[in-house]
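Work through the exercises below with the sequence and the structure at hand. Try each task before reading its solution.

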Number of protein chains: 2
Amino acid sequence: MLGPGKAELLELIARTGSISQAGRRMGMSYKRAWMLVETLNSIFVEPLVESSRGGASGGGATLTPAGHAVLKHYRELEAHTARAGAAEIEAIRALLKPPSDMSGEK
Amino acid sequence: MLGPGKAELLELIARTGSISQAGRRMGMSYKRAWMLVETLNSIFVEPLVESSRGGASGGGATLTPAGHAVLKHYRELEAHTARAGAAEIEAIRALLKPPSDMSGEK
């Protein structure tokens, strides 16, 4: 439903006020950014992003209250799960070969 | 490094004693199951799966102590993060359209 990419896109739209600028900062095409926004707007009960193409303000995009709510819940989800999983992730990481070891062979 | 698929494969190897049977239960080819095991064995300091092809016992596979440890940490990671994220996931889910609504249009 929502992952790191879409969450970042929402955050950048809120910060830049523009879907295309938000997409550009993530290295994605204008078209792809719009498609992701359309997907997000269609899967939630209310749209997450409101946009106007052109008009007096020259067009722009903002998060709706639902958009802000979803983004906030997602960031809290990340923070809580990262904290809750830190010990296990560290335990697994401690068993991994160091990243500099690229041999991969046995 | 490790996700739901590889964790399930490890668990099924432990349960079935066989890489190919474990793979089959996940609907994956013998080759793919072996490749995943080889990847796992190469990225960790110690191999996670020990296997013998043929021999008196007819071949088979078991998790090494490192394999059991990694799987245990991963399951704990899942349990802890699911618990920690439950409230936010529920909050996001409550804002999603019900899954039966496939219209997707605005």
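The exercises go from one chain to the pair of chains, and the model they use is predicted.

**Exercise 1. State what secondary structure chain A has and in which order it comes.**

Step 1. Count the elements: chain A has 4 helices and 2 strands.
Step 2. Follow the sequence: the pattern is α-α-α-β-β-α.
Step 3. Look at burial: 37% of the 106 residues of chain A count as buried.

**Exercise 2. Find how strand 1 and strand 2 of chain A pair, and which face of strand 2 is covered.**

Step 1. Locate the strands: strand 1 of chain A covers residues 49–52, and strand 2 of chain A covers residues 60–63.
Step 2. Determine the sense: the two strands run antiparallel and are joined by 4 bridges.
Step 3. Take one bridge as an example: A:Glu50 has A:Thr62 of strand 2 as its partner.
Step 4. Sort the residues of strand 2 by face: A:Ala61 and A:Leu63 make up the covered face, whereas A:Gly60 and A:Thr62 lie on the uncovered one.

**Exercise 3. Check the length of helix 3 of chain B and find what its buried residues pack against.**

Step 1. Work out the expected span: helix 3 of chain B has 14 residues (30–43), so at 1.5 Å a residue the span should be 20 Å. The span is counted over one less than the number of residues.
Step 2. Compare with the model: the end C-alpha atoms are 20 Å apart, which agrees.
Step 3. List the buried residues, meaning those under 20% relative accessible area: B:Ala33, B:Trp34, B:Leu36, B:Val37, B:Leu40, B:Asn41 and B:Ser42.
Step 4. Recall the helix geometry: residues three or four places apart point the same way, because an α-helix has 3.6 residues a turn.
Step 5. Identify the neighbours: the buried residues pack against helix 1 (4–16), helix 2 (19–25) and strand 1 (49–52) of chain B.

**Exercise 4. Describe the interface of chain B and chain A.**

Step 1. Count the residues: 27 of chain B are in contact with 26 of chain A.
Step 2. Give the area: the two chains bury about 2,700 Å² between them, 76% of it on carbon and sulfur atoms.
Step 3. Name the residues of chain B that lose the most area to chain A: B:Glu88, B:Ile92 and B:Leu95, together 22% of what that side buries.
Step 4. Look for salt bridges: the rule finds 0 across this interface.

**Exercise 5. Work out which symmetry relates chain B to chain A.**

Step 1. Superpose the chains: a turn of 180 degrees with a shift of 0.0 Å along the axis lays chain B on chain A, with an RMSD of 0.1 Å.
Step 2. Name the relation: this is a two-fold axis.
Step 3. Find the C-alpha of chain B nearest the axis: it belongs to B:Thr81, at 2.3 Å.
Step 4. Compare the surfaces: the same surface serves both copies, as 96% of the contact residues of chain B recur in chain A.

How values were computed. Residues are numbered from 1 along each chain as its sequence is written. Chains are lettered from A and ligands numbered from 1 in the order in which they are written. This is a predicted model: local features need pLDDT of at least 70, side-chain atom pairs count only at pLDDT 80 or more; totals for chains, interfaces and linings use all residues. Side-chain values use heavy atoms; hydrogens and water are left out. Buried means under 20% relative accessible area, exposed over 50%, partly exposed in between (1.4 Å probe, protein chains only). Contact means heavy atoms within 4.5 Å. Copies are superposed by least squares on the C-alpha atoms of residues with pLDDT of at least 70 in both. Two strands pair if DSSP finds at least two bridges between them. Buried area is the accessible area (1.4 Å probe) that two parts lose on being put together, summed over both. A salt bridge is a side-chain nitrogen of Lys or Arg within 4 Å of a carboxyl oxygen of Asp or Glu.
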